[in-house]
Amino acid sequence: MNQQVQQRYYLILAILGILVLIYLIRLFHLQVIDDSYKVYAERNALRQITEHPERGLIYDRNDSLLVYNEAAYDLMIVPNELRQFDTTDLCRILDIPKEILLERISKAEKYSKLIPSIFEQQMSKEDYGYVQEKLHKFPGFFVQNRTLRSYPFPIAAHILGYVGEVNDKILENDPYYQLGDYIGISGIEKAYEPELRGVKGKRVVLVDVHNRERGSYDDGKYDKLPKSGTDLWSSLDMRLQIYAEKLLQNHSGSIVAIEPATGEILCIVSSPGYDPNLLVGKSRGNNYKILLNDKKNNPLFNRALMAMYPPGSTFKLANALIALQEGVITPSSFYFCPHGYKVGGLTVKCYHTGTVNLISAIQVSCNNYFCRVFYNILSNRSKYNTIQEGYQAWKNYINDLGFGRKFESDLPYETKGIIPSVEYFDKQYRKHWNANTVISMGIGQGEVATTPIQMANLMAIIANRGYYIKPHVIKAIGNKSTPNDRYLEKYYCGIDARYFEPVIKGMEQVMVAGTARRSKIEGIPMAGKTGTAQNPHGMDHAVFAGFAPLNEPKIAIFVLVENAGGGGAVAAPIASAIVEYYLKDDAKKKELEDKLNPSSP
Amino acid sequence: MYRDNVNSISKGFDVQLVTIYIILMLIGWLAIFSSSHIPNGESVNIFNLQTLYGKQIIWIGTSVILAIVILILDNRIFQHLAYYIYIAAILLMIIVLFVGTEIAGAKAWIKIGSYSIQPTEFAKFATALALAKLFNEGKTKFQKRYLWLIAFFFILIPIGIIIAQKDTGSALVFLSFILLFYREGMSGNILLIGAAAIVLFILSFCLNEIYALAIVTTIFIIFWIIQRKFKKKLIRNGIIYASAVIFIFSANLLYDKILQPHQKMRISTMLGQTSDPQGADFNLNQSKIAIGSGGFWGKGYLKGTQTKLNFVPEQSTDFIFCSIGEEFGFLGSITILLLFSFLIYRILFLAERHRNSFVRYYGYGVASIIFFHFIINIGMTIGLVPIIGIPLPFLSYGGSSLWGFTVLLFIFIRMQKS
């Protein structure tokens, strides 16, 4: 070898050596120093799939299903995993224009580039099959199984409530929820959201570059099974609810029935209502708008909890109880009624005349009698020096009877009703007012307003002879024998049990020989009181309140039919039909149902 | 007779080369198995011909048979048949031009049943043989300049055909013979000019023409000032300067007009000019992620996620190194680098020592080809070289390439013994 050639041999070896050294440095940097590639690798290959738990089911008090779940398929998107794909193809499959597609992608990107969000909700089964088959062509997309609420009967929509996608505010405040998650928005769904939603699970799976799952990561070490939501047992009686809704279907109004001993709501109707199946899934938004814009029927308005009516004559019962407790009357106190209560230039008319005691006053609903009762309460100068003190004492009783306040149980969106404060009248009349100024409240007119649930609760108090348990709709959680322990407390209203007997006696007389005598039920002793709620906007509302049986009452009820005139004619028959239906055996029930549906075989 | 052959096979051949060959092939098979097998609880049949690892066993088996046949053959036969082998390989490639099957954009394959062979792989050892014969006999037959002309012609023919097959990567492999030429007396300036051209290209591309011009001019001015001799050779240096300037300004033109869009993309990606992790960058990015996520010790055999789940493209062929980098980490990478370095060193060492200059020429040809494949293939997986689709010798999946490299290496091993 000559020298030059040998030089070249070594030079070639040197080039080899230098290149290998450069490669080693590069590899050392890539593999040992720079950690970022490990993070990338994880993102590349692992996908965390949220396993949505099945939402808890809701049963009625007799184990009939009220709410269950149905399978649905959502197309999910992970913006970071998107690669070029045939947009027209996807648009065609989903039947959406390209602009919408791009808009949805940018919305998903705005939410998160890494967390999956819903791209297309609740695909049809055909679309689902088609998309699933072609999924490898759309990297960054995958299908997630979800469930939708479904209702076997179109009843109790207001109370059951509905679920919908979480909004931005909830997303911000509660880390549990992800974009596109469902949450209870109203009714039971909202009140029991933590129980119903269950616990989300997750699966960590290996995903290849073609977006296909290739099995679970590390033998499923990081997987967590979803925990189904807790089932609930409602206090509602499904058949009674159906029956009550049918009775009221051609009217506007409300029915509330409570089991007095427990405060459990047996049925609660607001008419006109809507089919809860309308507010499910994809079409929820549209249907909601339609319902919201139906100003004539106002179906979304839950009259049972939100509508404030003058209670009318049924309110007299409350005043009777207060007066007895206050000692301003006795059961045998009597007054002569001269066709009304006259004070100054004002006359509160009464359609009857003659001398009545408490029991017969209730029976005939004597306005004069109860104006005097109310006057006596407010102007009890032996106890209260001023009208303000007297009124405040009365108001305290009324509040304790459940009026002018919300129950705040598991019921959605209540209103308080109106029981004006002392300050209100002081301001209204510049402190110059007395019992006669506000006398119409004695007969449930004037400034006072109550909601149907409050009136039904008053019936429960009377049936219980002195206390109530917050009206509520969930009886048991998780297991039928595990009672809902949130609503066990008895609220006493400050009126001794013995003062209830004369009132109940009067209410019994209403059914036997009074304003509701035509609605008396064979074999079931019942207490009741009719009423007419004055309506400045049109025909008066028909009202009936009552409970049955007299001893050991099983059902307290309040019925209000808007613009139907006198309570005895319209409201009382509906109430007694419901009471009868509830208390009678199955055979009788069938007969009553058939009577309501003459067309059905 | 048979016994004699067996003895002659086991005696005298370079054990180190044969050992490295076997080790690389086995590592290759393990990596192919790892990257093409996804554990699903079913029992594994490594001879399953539906799988790449099953097929590779066939390629390895046939390669071993080929190697043994070569070792049994008379060592003079290669020198004797060198030109014929070369002509046969060229003809085969021309045939492919007409009847070939297109795979991944290149019409470089002949389909036989369900298998395809790539004659380009055979042209590599054929050209190495032809060049060795040319240098061995031509030095006395031709004038020096004609000899070089013919030698360049020998590599330009396959390059031309392969470019016609649209397989630019493989065509570049034949440029590696420049290393052999250099050893045999080609002016070192050609290597320098080549290196300078690459640097200038990158400069004018990464910065822009003006900066590149400024840098080149500065260098020349510095030389002008510090080197006295520089002024004397004014004309020569003037020409060099002028060509450098012309090159700078034509680099972009060259780039725009001559290269295919995907090649442009690969070059600009390598130079960091474009960043589109989901697009053109994708392969390189995934490859770096796979290797980088391996860490020092690696994730362990069969535990790679990137190479297993198809994130790395061509994970069994051109990007087989990713699988090793991911599962065996930096240690695995070093091992591969050292094995190849030693292989190339050993070939050069033995070639340099040999009394028969034909063997030396051929040995340099073998080393050049393996060197080029090794540097380019691993360089592209770690982002130091544009992505050029050529296999990693002995490791990558594929019958043609394994056969081609086996023949290439074992002809040298056979002849080296003599």
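**A tour of chain A and its contact with chain B**

Begin by selecting A:P549, which you will find in the loop of chain A that runs between β19 (541–548) and β20 (555–561). Keep in mind throughout that the model you have open is a predicted one. Now add A:A548 to the selection and look at the peptide bond that leads from A:A548 to A:P549, which is cis, with omega near -15 degrees.

For another bond of this kind, move to A:S271 and A:P272, which are joined by a cis peptide bond whose omega is about 0 degrees. Here A:P272 belongs to the loop between β12 (264–271) and α11 (284–293) of chain A. As background, most peptide bonds are trans, and most residues other than glycine have a negative phi.

With that in mind, select A:N563, in the loop between β20 and α20 (571–583) of chain A. A:N563 is not a glycine, and yet its phi is positive, at about 55 degrees. Is A:N563 buried or partly exposed? It counts as partly exposed, because 15 other C-beta atoms lie within 10 Å.

Next select A:Y413, in the loop between α16 (387–400) and α17 (422–428) of chain A, where a residue that is not a glycine has a positive phi of about 35 degrees. A:Y413 has 14 C-beta neighbours inside 10 Å, and therefore counts as partly exposed.

Finally, show both chains and turn to the contact, to which chain A gives 29 residues and chain B gives 34 residues. On the side of chain A, the elements that give two or more residues are α1 (3–33), α2 (36–45) and β8 (201–207), and the largest share, 15 residues, comes from α1(A). Coloured by type, this side of chain A divides into 19 nonpolar, 3 polar and 7 charged residues.

How values were computed: Residues are numbered from 1 along each chain as its sequence is written. Chains are lettered from A and ligands numbered from 1 in the order in which they are written. This is a predicted model: local features need pLDDT of at least 70, side-chain atom pairs count only at pLDDT 80 or more; totals for chains, interfaces and linings use all residues. Two residues are in contact if their C-beta atoms, placed from the backbone, lie within 7 Å. Helices (H or I, at least four residues) and strands (E, at least two) are DSSP runs, numbered from the N terminus. Ala, Val, Leu, Ile, Met, Phe, Trp, Tyr, Cys and Pro count as nonpolar, Asp, Glu, Lys and Arg as charged, and the others, Gly among them, as polar. A residue is buried if 20 or more other C-beta atoms lie within 10 Å of its own, exposed if 12 or fewer, and partly exposed in between; C-beta atoms are placed from the backbone.
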